Structure formats: structure tokens, C-alpha cells
Amino acid sequence: MRKLMTSTAIAALALSGLALTGLTTTAGAADKEVQMLHWWTSGGEAAALNVLKQDLAKEGYAWKDVPVAGGGGDAAMTALKAMVAAGNYPTASQMLGYTVLDYAQAGVMGDLTEAAKKEGWDKAVPAALQKFSVYEGKWVAAPVNVHSVNWLWINKAVMDKIGGTQPKTFEELIALLDKAKAAGVTPLALGGQSWQEATMFDSIVESTGGPEFYKKAFNDLDEASLKSDTMKKAFDNLATIVKYVDPNYSGRDWNLATAMVIKGDALVQVMGDWAKGEFVAAKKKPDTDFLCYRFPGTEGSVIYNSDMFGMFNVPKDRKAAQVALATATLSKSFQSAFNVVKGSVPARTDVPDTAFDACGKKGIADLKAANEKGTLFGSLAQGYGAPPAIANAYKDVVSKFVHGQIKTSEEAVTQLVQAIDDAR
């Protein structure tokens with residue numbers, strides 16, 4: 001969710017990652033140090049991580065930061081790859097699901113199962129997240145949060161001005177956008193980047209076909225669903241909604257689109273709940289300054305991604321620090337404190353919602369319900385619906401359709417099926 005860096009910068013960061021890791025820690029100090037590679041370097045994220053640092057400090061553990069900013073994690077993963085290849089394992093690294101599984105299959109991840117049993121993670125962490133944090137029966141990662149992408153973020157003052165109400169169907173959403181257009185307000189704030197367009201399309205697909213269709217198409221990769229008339233209709237709906245963006249949307253970063261809604265220059269943004277962090281940073285309050293609704297037709301479902309701390313197979317003298325890190329990460333206190341700032345919701349369903357605002361409380365309730373009903377679905381755009389190669393193929397086709405390089409929904413479906421087949 002950030003601009004990609006140049007290959008030269010990434011290579012330099014990979015080398016700096018090796019240097020920063022400091023795994024030449026002298027004997028006697030390593031057992032009291034936690035070495036963490038991550039890309040959370042913004043003010044709010046750093047503040048939330050500081051809660052974890054303080055928790056560990058109380059137990060006598062020093063925190064050694066290995067931050068690698070940029071690329072939405074791409075640069076960090078390049079640095080991590082170099083470190084692992086050199087046998088210089090950090091205590092843990094921020095990761096996304098399929099990356100955790102890749103390293104687990106390579107046999108370089110640690111085993112947190114004993115701590116998991118003691119803390120009851122199997123009962124508290126949704127099964128959808130355990131698919132990525134547990135490998136061959138062993139816990140190898142600690143989920144930090146759950147982001148969901150099927151949200152509408154609406155400027156309340158503009159909504160009141162046009163007399164709008166919560167849209168419950170896709171058709172009602174289009175009618176609402178028409179009202180904003182008639183009032184001279186940009187109806188839809190969007191950044192013309194492939195991941196943003198595909199993130200919105202995730203919601204459109206479920207809205208068009210329903211939860212079971214989304215699961216079959218974007219989690220199971222069922223070819224009949226991918227090439228169906230329902231998928232064609234989803235592309236038609238995408239073509240309809242992108243007509244409501246302003247002419248300058250191409251290449252716009254997601255946070256600048258959020259700013260349009262915050263300022264009242266646009267009515268609505270379709271974006272993951274990290275957008276809420278921008279509203280909060282601007283001192284805006286839910287139900288007073290902005291509204292949060294599920295994308296119409298997806299109520300009752302959560303299309304998610306999750307940040308995880310993957311734990312590496314470190315030497316025995318460093319394992320106690322690693323267990324302390326994992327235990328603190330999945331503690332209810334940290335899960336609450338971090339996710340209040342991040343805009344996401346806890347990765348365990350038994351964390352009280354006391355500290356969360358109205359949108360956070362809804363997010364927590366939605367996650368619990370979706371987990372119980374089996375309607376917690378991995379976002380294909382965000383890399384949790386299928387492995388990265390398939391997700392990238394998907395984003396490419398959606399973006400080409402949005403920008404007119406693919407002319408019809410029929411052609412889009414044909415190219416989507418082909419691109420996914422090629423990426424398998």
C-alpha cells in the first residue's frame with residue numbers, strides 16, 4: 001500500500017537489513033534481546049509498536065528494531081530473504097500469510113506450539129488466520145491484527161447535505177453516487193493503482209454474487225465461477241462505479257483519496273480499514289464526522305488480510321525472548337492497544353471492544369460473527385485469497401479493465417481465467 005522503490009534502493013536496504021540485524025550479539029546478551037524486522041515506520045504504527053516494546057521491557061527484554069520502510073513490505077521481504085540466506089535469522093519478522101507458509105515449508109521457522117497451548121490461541125484466533133500461522137500442526141507465527149477491505153468510508157456532512165442514507169444494495173450505492181454528482185461533489189474517491197482497484201473489486205464481486213460465490217471464485221479459484229456470467233456482471237458493475245471518479249484519479253495514493261473524503265471533496269471511498277487511521281489522525285470521529293458501512297451486499301462477511309509476526313528457528317539461548325514476544329503480541333492488552341491505533345481489529349475474538357470507537361466495535365462484532373458463520377474470506381487483492389503470483393495476475397487484469405486496455409466484461413473474464421491459470 002505504498003509506492004514501490006527502485007531496485008537499487010531495495011538492494012541497498014537488503015544490505016542494510018543484514019547490517020542492522022546485529023546477530024553477532026555477544027553471548028549473554030542475545031538471550032535478552034528481541035530482533036524484529038518490520039515496515040511499520042509511520043508515527044501511529046511506531047507508537048503502537050512501542051506498547052509491545054514496553055511490555056517486553058517489563059520482562060527484561062531489549063528490543064532491537066530492524067525497520068525497512070517502503071514498498072508495502074516489498075523492501076522488507078527483500079532484506080529478510082538476504083538475511084535468511086546468510087543464516088542470520090531475526091527473532092521475528094512482520095509477514096503476510098503466504099510468505100509465512102513459504103518460509104515454514106523451507107524449514108526455517110520456529111515452533112510456538114507450547115506457548116500457543118498455554119495461552120489458548122487455538123480457541124481465540126480465527127481458523128482462517130490459523131491457516132497461515134500454523135504449519136503441519138505447529139504454530140510458526142503470531143497474528144497481530146485483522147484488516148478488512150469491504151468498507152465504505154463516507155463524509156457525514158456531505159451525506160447529510162445530499163440527504164443520503166446507507167446503501168443496502170449496489171443499485172442504492174449508485175443512486176447515492178448520483179446524488180453526490182448532482183450536488184457537485186466527487187462521488188467516489190479512488191486512486192488509480194492496481195491494488196486499490198482490485199481491492200474495490202473484491203467487494204464488488206461478493207456484492208454481485210454473494211459470499212459463496214466469492215469463496216469459490218477468489219479463495220477456491222473455481223474455474224466455473226471465474227468464467228461465469230456472474231463474474232461478467234461483476235465486471236459490468238465495476239465499469240459502472242468507476243464512472244464516478246474524478247479525472248485526476250490515475251496514480252493517486254490511497255491516503256490522498258481518503259483525504260478527499262475527510263475534506264468533503266468526495267463523498268465515499270471503498271477501502272480497507274487502514275483508512276480509518278487517516279480519519280482518526282485528522283481528529284475526526286465516527287458517526288459525527290464520518291460513517292463506516294460495509295459495502296452493500298457484503299454485510300455479514302469480512303474480506304480480510306492480516307499482519308503476522310513470523311517466528312524463526314533461532315538458537316536455544318534466544319528462544320525465551322521469542323516466546324515472550326509471541327505471547328505479548330497475542331495478549332489481549334497489546335491486541336487492543338495496537339489495533340485501536342492501526343484501525344484494524346484484534347486477531348483474537350475474545351478481546352473486549354471497550355477501547356474501540358464505533359467503527360472498531362462494529363469491526364470486532366463483524367469478525368466474530370463471520371468467524372462463526374464461515375464468512376471470513378481472504379482478500380485476493382491483498383494476497384490472502386491465493387498465493388502472490390495469482391494475486392498479482394488478478395490485479396493486472398482488473399487494472400487493465402479499469403483503464404480501458406480491456407474493453408468488455410467478456411474479454412475481462414477470459415483474460416482473468418487465463419492469467420490465473422498461467423500463474424498457478
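This note covers the two domains of a predicted model, the interface between them, one disulfide and one loop residue.

1. Domain layout. The chain splits into domain 1, made of 30-147 and 305-364, and domain 2, made of 148-302 and 368-423. Each domain is thus listed as two segments of the chain. Taken over C-alpha atoms, the centres of domain 1 and domain 2 are 28 Å apart. Domain 1 puts 23 residues into the contact, and domain 2 puts in 24 residues.

2. Buried area. The size of an interface is often expressed as the accessible area lost when the parts come together. Between domain 1 and domain 2 about 2000 Å² is buried, and 60% of this lies on carbon and sulfur atoms. On the domain 1 side, Y98, N305 and C359 account for 30% of the area buried against domain 2, more than any other three residues.

3. Polar and charged pairs. Two salt bridges are counted between domain 1 and domain 2. Separately listed is a salt bridge between the side chains of D357 and K276, with an N to O distance of 3.0 Å. Seven residue pairs are in polar contact across the interface of domain 1 and domain 2, both residues of each pair being at pLDDT 80 or more.

4. Make-up of the domain 1 face. Three elements give two or more residues to the side of domain 1 that touches domain 2: α4 (97-105), α7 (127-133) and α18 (358-373). Helix α18 supplies the largest share, six residues. By class, the residues on this side of domain 1 are eleven nonpolar, nine polar and three charged.

5. The disulfide. How many disulfides does the model contain? The count is one. C292 and C359 are the cysteines joined, with an S to S distance of 2.1 Å. The link between C292 and C359 is left-handed, at -105° about the S-S bond. Because C292 sits in strand β11 (residues 290-294) and C359 in helix α18, the pair ties together parts that are 67 residues apart in sequence. C359 is also one of the three residues named above for their share of the area that domain 1 buries against domain 2.

6. The loop before α18. Where does A355 lie? A355 is in the loop between α17 (332-342) and α18. From A355 to N339 the C-alpha to C-alpha distance is 9.7 Å, with their positions 16 residues apart in sequence. Leaving out residues up to four places away in sequence, A355 touches S336 and V340.

Definitions and conventions:
Residues are numbered from 1 along each chain as its sequence is written. This is a predicted model: local features need pLDDT of at least 70, side-chain atom pairs count only at pLDDT 80 or more; totals for chains, interfaces and linings use all residues. Side-chain values use heavy atoms; hydrogens and water are left out. Domain bounds come from an automatic or database domain assignment. Contact means heavy atoms within 4.5 Å. Buried area is the accessible area (1.4 Å probe) that two parts lose on being put together, summed over both. A salt bridge is a side-chain nitrogen of Lys or Arg within 4 Å of a carboxyl oxygen of Asp or Glu. A polar contact is a pair of N or O atoms within 3.5 Å; within protein, one must be able to donate a hydrogen and the other to accept it, and residues adjacent in sequence count only if both atoms are side-chain atoms. Helices (H or I, at least four residues) and strands (E, at least two) are DSSP runs, numbered from the N terminus. Ala, Val, Leu, Ile, Met, Phe, Trp, Tyr, Cys and Pro count as nonpolar, Asp, Glu, Lys and Arg as charged, and the others, Gly among them, as polar. A disulfide is a pair of cysteine sulfur atoms within 2.5 Å.
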